[in-house]
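Visitor: Please take one part of this model and go through it closely. I would like to hear how the helices there pack and which residues do the packing.

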Amino acid sequence: MAQVAVPRVTRQTVGAIADGAFKVLLALVYIAGAAPLGRLLGTPAWLMAVSGATLLISGGIEIGYTRSRSMRTCIQLMIAYDGGWVAATLTGLLMARQGSSAGGEVWMGYQTAAPVVFAALLVAAAPVRMNSAAQRGTSDQTGPDD
């Protein structure tokens, strides 16, 4: 009987999948509520919808590629993405506090562009290499930088 190599599911893997799932959920909110959220944030509804679409694609790619990419790579990309998200959020809040109407556009602009970069880098990352134990059908998996 043939054995199938099953990668080990760690807390990091669950966290990466949860991060992707959150992006998908946020995307659905942006798409469904594009007009009212756009008015609230001072952004056009099309920007909300485009941001939702890019988040949806990025979240799906993140969920799909998490198990085939090194957790180190996934975590580094998530940290960079979330760090940029915090910076964009603080910039948008500072602009809004100073009376600028562009704060929401800065924030949503980041959430439109960054998921595309995140997904592209994740897809371009080297696939995880299975060690000899995994090739024999046991449940351990290592990557080039794990």
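Guide: In this predicted model, helix H1 (residues 11–32) packs against helix H3 (residues 45–65) at an angle of about 160°, with the axes 7 Å apart. Because angles over 145 degrees count as roughly antiparallel, H1 is roughly antiparallel to H3. The crossing of this pair is left-handed. From H1, the contact takes in Ala16, Ile17, Asp19, Gly20, Ala21, Lys23, Val24, Leu26, Ala27, Leu28, Tyr30 and Ile31. H3 answers with Met48, Ala49, Ser51, Gly52, Ala53, Leu55, Leu56, Ser58, Gly59, Gly60, Glu62 and Ile63. Sorted by class, the residues of this contact are 15 nonpolar, six polar and three charged.

H3 also packs against helix H2 (residues 34–41), here at an angle of about 115° and with the axes 8 Å apart. That angle makes H2 roughly perpendicular to H3. The crossing of H2 and H3 is right-handed. On the H2 side the contact residues are Ala34, Ala35, Leu37, Gly38 and Leu41, and they meet Ala45, Met48 and Ala49 of H3. Seven residues of this contact are nonpolar, one is polar and none is charged. Met48 and Ala49 of H3 are thus named in the contact with H2 and also in the contact with H1.

H1 has a further partner in helix H5 (residues 103–124): their axes come within 13 Å and cross at roughly 135°. H1 is therefore oblique to H5. This crossing is left-handed. Lys23, Leu26 and Tyr30 of H1 meet Trp107, Met108, Gln111 and Phe118 of H5. The class count for this contact is five nonpolar, one polar and one charged. Lys23, Leu26 and Tyr30 are also listed among the H1 residues that touch H3.

Two of the residues named so far lead on to the second largest pocket: Leu41 and Trp107 are both in its lining. The other lining residues are Thr89, Gly92, Leu93, Ala96, Ser101, Gly103 and Gly104. The space in this pocket is about 160 Å³. Helix H4 (71–97) and H5 are the elements that give two or more residues to the lining, and H4 supplies the largest share, four residues. By class, four lining residues are nonpolar, five are polar and none is charged.

Notes:
Residues numbered from 1 in each chain as written. Predicted model: local features only at pLDDT ≥ 70, side-chain atom pairs only at ≥ 80, totals over all residues. Heavy atoms only, no water. Axes fitted to C-alpha atoms, helices over the stretch in contact; angles between N-to-C directions. Parallel < 35°, antiparallel > 145°, perpendicular 65-115°, else oblique. Left-handed = near helix turned anticlockwise from the far one by under 90°. Contact = heavy atoms within 4.5 Å. Nonpolar A, V, L, I, M, F, W, Y, C, P; charged D, E, K, R; others polar. 1 Å grid on protein atoms, 1.4 Å probe; cavity = no way out; pocket = protein on both sides within 12 Å on 5 of 7 lines; lining within 4 Å. Points joined across faces, edges and corners; volume = space filled by probe spheres on them.
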